[in-house]
Amino acid sequence: MAFECQKSAGFCKDSRVIVKDSCEKPTGGSSYFKLKGKAVGIESEKLEFDLEKGDTTSLSSKQLGCRNVPLGCRSITDLPPAIISEILNCLDPKELGIVSCVSTILHRLASEHHVWKEFYNERWGLPIPAIPAPVAATGFSDEKSWKDIFVEREFRSKTFMGRYSMEVLHGHTEAVRTVFLLVSAKLIFTSGYDSIVRIWDLEEGLSIASSRSLGCTVRALAADTKLLVAGGTDGFIHCWKAIEGLPHLFDVKGPQNHNTEFRLWEHEGPITTLALDLTRIYSGSWDMTVRVWDRFSQKCLRILRHGDWVWGLVPHDTTIASTSGSDVYVWDTNSGELATVIHDAHVGKAYALARSHTGDFLFTGGENGAIHMFDVTNRHVDTSTQLVGSWIPHSGPVYSLAFEFPWLVSASSDGKLSLIDVRALLRTRKRTLWKRDSAGQHVGRSIGVEPPQRMLHGFGSNLFGVDIGLDRIVCGGEEGVVRIWNFSQALETERRARALRGIRLENRMRRRRLQIEMNTKGGGGGGGGRSDRCSVAAKKTPMNSDNVSVWHNKRGVSGKLKA
């Protein structure tokens with residue numbers, strides 16, 4: 001192990017951490033989990049955590065009686081920091097939140113632990129615009145901790161199941177083929193058959209700038225705060241550098257300026273997909289190649305050749321995933337070698353591709369209207385061992401996918417958008433997806449077709465591009481308009497609805513309490529008097545031979561019965 005510890009077990013009254021050399025579960029009911037060859041357990045007066053199973057068990061104080069307490073270790077703070085850090089690193093966000101409720105000491109340790117930053121980075125990446133560089137380096141800000149930032153972002157991710165408002169942006173004269181959402185700058189980039197790149201304000205929904213005609217259909221867009229790239233059917237990659245001080249970053253409407261604008265050309269066919277990272281530009285084309293470009297020297301560094309048209313690509317770290325024909329590929333960009341291939345991922349073409357922020361999972365959309373989720377952490381070629389989940393939400397081809405944890409959004413030719421929450425699949429995949437059989441091989445669970453969590457309508461024809469960011473979904477299609485689904489007010493609306501429900505419940509309970517007080521007030525003046533009157537009326541009512549009370553009708557007998 002990376003640290004040393006005593007062989008004796010340490011306990012304290014409020015919170016106890018046990019460190020043992022044996023991984024066997026003791027007879028006293030204590031719970032342990034394996035940690036680099038050691039067994040570590042967390043106990044408290046009320047909770048016991050079995051981290052290997054992912055559950056909690058309530059225990060009484062008698063069951064957790066102090067025993068074998070060494071004089072030198074009576075608190076969790078007496079343990080080496082490495083042990084505490086390793087224990088907390090084994091928890092997911094939900095379990096870490098439960099641990100923070102055990103005692104004040106664990107609350108402070110769990111709330112200030114650096115793992116919250118790792119949780120945020122794994123799901124959404126570091127919020128560079130929101131957190132300055134010195135803060136990002138230390139992991140904390142003066143106003144919010146990483147736990148607060150994580151909880152707020154996690155809470156915002158639930159807005160896509162709430163109410164929304166839809167805005168329609170007019171400006172394009174023909175179909176919109178591609179959309180790109182740059183959340184950090186609050187900008188939307190769109191283009192299509194009219195050969196013009198348009199920039200929109202995300203908050204106001206207004207057109208900021210539009211480029212001159214590029215002379216071809218623009219099928220792909222990508223941007224960050226430093227560079228904007230667009231690719232079309234002429235095989236060129238049109239690039240604009242950001243201008244310092246310009247609110248919308250890029251001057252696309254002016255004449256060609258060689259200082260801020262350049263073009264890349266080596267593809268021999270239409271460009272279908274583009275992507276950026278900090279140092280490189282990635283492009284895929286119908287010439288069956290993916291090219292890797294250097295952003296600064298503007299030279300092609302590597303060519304990855306496929307056997308069919310390239311439809312989509314997504315880079316991550318030193319790998320790049322691509323779809324060609326019906327197959328999915330994962331390449332090593334440093335060596336140019338093929339790391340993983342998934343044959344026949346779809347029946348027909350695999351048009352759309354998205355990737356999780358960690359790079360472990362791929363999402364593909366196909367010509368058959370299906371969406372698949374693959375695990376690419378294990379470098380295998382067998383498709384059956386990599387498929388995690390499947391959905392068939394559309395009746396037509398899926399042309400575009402976008403992913404922001406935990407939501408996967410798809411756009412199809414049937415004019416609908418589907419929202420899929422993959423959180424449960426990721427949790428299942430992490431804990432129980434793979435099991436080892438007697439031969440020591442991995443065996444996967446049976447994969448069923450899952451339904452989407454939500455479907456969005458609004459288009460009557462083909463949808464070609466979609467993107468998601470924070471509380472917005474942007475989509476473009478054959479109608480030539482851009483639609484924005486705005487979920488920013490969903491949380492406030494839900495809070496107001498909950499407040500109204502709480503007020504109604506409180507009023508109902510207040511009326512019930514008043515009624516009870518009125519019935520019980522004065523002994524016989526309330527409910528008791530009413531029961532007495534009922535008993536007196538029962539005594540005066542005549543009885544028939546069967547001892548059944550005969551209650552006379554005040555309205556009398558009808559004329560028909562008298563006759």
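Which side chains meet in a salt bridge at Arg472 and Asp471, and what is the N to O distance? Select both residues in this predicted model and you will find the side chains of Arg472 and Asp471 paired with each other, at 2.8 Å from N to O.

Now switch on the surface around this pair. Arg472 counts as buried, at 4% relative accessibility. Asp471 is buried too, with a relative accessible area of 10%.

Next, widen the selection to take in Lys186 and Glu203. Together with Asp471 and Arg472, these residues are linked in a network of salt bridges. Within that network, Glu203 forms a salt bridge with Lys186, and their closest N and O atoms are 4.0 Å apart. Trace the chain between the two: Glu203 sits in the loop between strand 9 (198-201) and strand 10 (207-210), while Lys186 lies in the loop between strand 7 (176-182) and strand 8 (187-192). The pair links distant parts of the chain, 17 residues apart. Glu203 is partly exposed, at 39% relative accessible area, and Lys186 is partly exposed, at 42%.

For the last stop, select Glu261 and Arg212. These two form a salt bridge with the closest N and O atoms 2.6 Å apart. Here the partners are 49 residues apart: Glu261 belongs to strand 14 (residues 261-265), and Arg212 to the loop between strand 10 and strand 11 (218-223). Check the surface once more: Glu261 counts as buried at 4% relative accessibility, whereas Arg212 is partly exposed at 29%.

If you would like to keep exploring, the count for the model comes to 10 salt bridges.

How values were computed
Residues numbered from 1 in each chain as written. Predicted model: local features only at pLDDT ≥ 70, side-chain atom pairs only at ≥ 80, totals over all residues. Heavy atoms only, no water. Helix = DSSP H or I, 4+ residues; strand = E, 2+ residues; numbered from the N terminus. Buried < 20%, exposed > 50% of the residue type's maximum accessible area, 1.4 Å probe, protein only.
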